[in-house]
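Grab a coffee and work through these exercises with the model open beside you. Try each task before you read its solution.

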Amino acid sequence: MITAIVLIKTSVDRIPEIAEAIAALDSVSEVFSVTGTYDLVAMVRVPKHENLADIIPGRISKIPGVVATDTHVAFRTYSQHDLEAAFAIGLDA
């Protein structure tokens with residue numbers, strides 16, 4: 001699975017509506033409203049690199065109110081949640 005972190009600039013008067021529209025897209029697992037240079041951060045997870053073109057410029061960038069995107073593709077994923085789940089396999093709570 002390929003993970004992309006998409007930084008999104010939007011029309012500031014429509015951030016909640018734009019975030020909901022992005023979150024409703026297939027392959028988008030989370031959308032965060034953030035402070036700083038960007039207004040939203042979306043986590044996109046796809047099986048193939050080619051799918052990123054379908055979802056980011058093909059869908060996210062075409063949502064009315066999205067001004068710009070900046071995409072970062074993850075090389076590896078490190079997650080405390082994943083480590084805890086792996087060590088808990090087979091253990092009863």
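Here, a residue is called buried under 20% relative accessible area, exposed over 50%, and partly exposed in between, using a 1.4 Å probe and protein chains only. By that rule, 28% of the 93 residues of the protein are buried. Keep in mind that this is a predicted model, where local features need pLDDT of at least 70, side-chain atom pairs count only at pLDDT 80 or more, and totals for chains, interfaces and linings use all residues. Residues are numbered from 1 along each chain as its sequence is written, and side-chain values use heavy atoms, with hydrogens and water left out.

**Exercise 1. Write down the order of the elements from the N terminus on.**

Step 1: get the rule straight. Helices (H or I, at least four residues) and strands (E, at least two) are DSSP runs, numbered from the N terminus.

Step 2: tally them. The protein has three helices and four strands.

Step 3: walk along the chain. The elements come in the order β-α-β-β-α-β-α.

**Exercise 2. Work out the strand order of the sheet and find its edges.**

Step 1: decide what pairing is. Two strands pair if DSSP finds at least two bridges between them. In general, strands of a sheet pair through backbone hydrogen bonds, either parallel or antiparallel.

Step 2: lay out the sheet. The four strands make an open sheet ordered β2-β3-β1-β4, with antiparallel pairing. β2 (28-33) and β4 (66-73) are at the edges with a single partner strand each, so one side of each has no neighbour in the sheet. On average, neighbouring strands are turned by 20 degrees against each other, direction ignored.

Step 3: check the pairs of β1. Seven bridges join β1 to β4, and seven bridges join β1 to β3. On the β4 side, K9 has A68 as its bridge partner, and L7 stands opposite D70. On the β3 side, I8 stands opposite L40.

**Exercise 3. Is T10 buried or exposed, and what does T10 touch?**

Step 1: place the residue. T10 belongs to strand β1, where seven of the nine residues are buried.

Step 2: read the accessibility. T10 has 6% relative accessibility, so T10 counts as buried.

Step 3: list the contacts, meaning heavy atoms within 4.5 Å. Not counting residues up to four places away in sequence, T10 touches I15, I18, D39, L40, G65, V66 and V67.

**Exercise 4. Find the largest nonpolar core and say which elements supply it.**

Step 1: use the rule. A nonpolar core is a set of buried Ala, Val, Leu, Ile, Met, Phe, Trp, Tyr and Cys residues joined through side-chain atoms within 4.5 Å.

Step 2: name the hubs. The largest such core has 20 residues, and I8, I22, V28, V44 and I60 have the most contacts inside it. At least two residues of this core come from each of β1 (2-10), α1 (15-23), β3 (40-46) and α2 (50-55).

Step 3: zoom in on one hub. Beyond its neighbours within four places in sequence, V44 is in contact with residues including I2, V6, V28, L52 and I60.

**Exercise 5. Which side chains form the salt bridge?**

Step 1: apply the cut-off. A salt bridge needs a side-chain nitrogen of Lys or Arg within 4 Å of a carboxyl oxygen of Asp or Glu. The count by this rule is one salt bridge.

Step 2: identify the pair. R45 and E30 meet at 3.3 Å, N to O. R45 sits in strand β3 and E30 in strand β2, so the pair ties together parts 15 residues apart in sequence.

Step 3: look at the cover. R45 is partly exposed at 31% relative accessibility, and E30 is partly exposed too, at 33%.

**Exercise 6. Where do S27 and A74 lie?**

Step 1: take S27. S27 is in the loop between α1 and β2, and its relative accessible area of 32% makes S27 partly exposed.

Step 2: check the backbone. Most residues other than glycine have a negative phi. S27 is not a glycine, yet has a positive phi of about 80 degrees.

Step 3: take A74. A74 is in the loop between β4 and α3 (80-87), and is partly exposed at 26% relative accessible area. The C-alpha atoms of A74 and A4 are 5.9 Å apart, with their positions 70 residues apart along the chain. Leaving aside neighbours within four places in sequence, A74 is in contact with T3 and I5.

Terms used
Axes fitted to C-alpha atoms, helices over the stretch in contact; angles between N-to-C directions.
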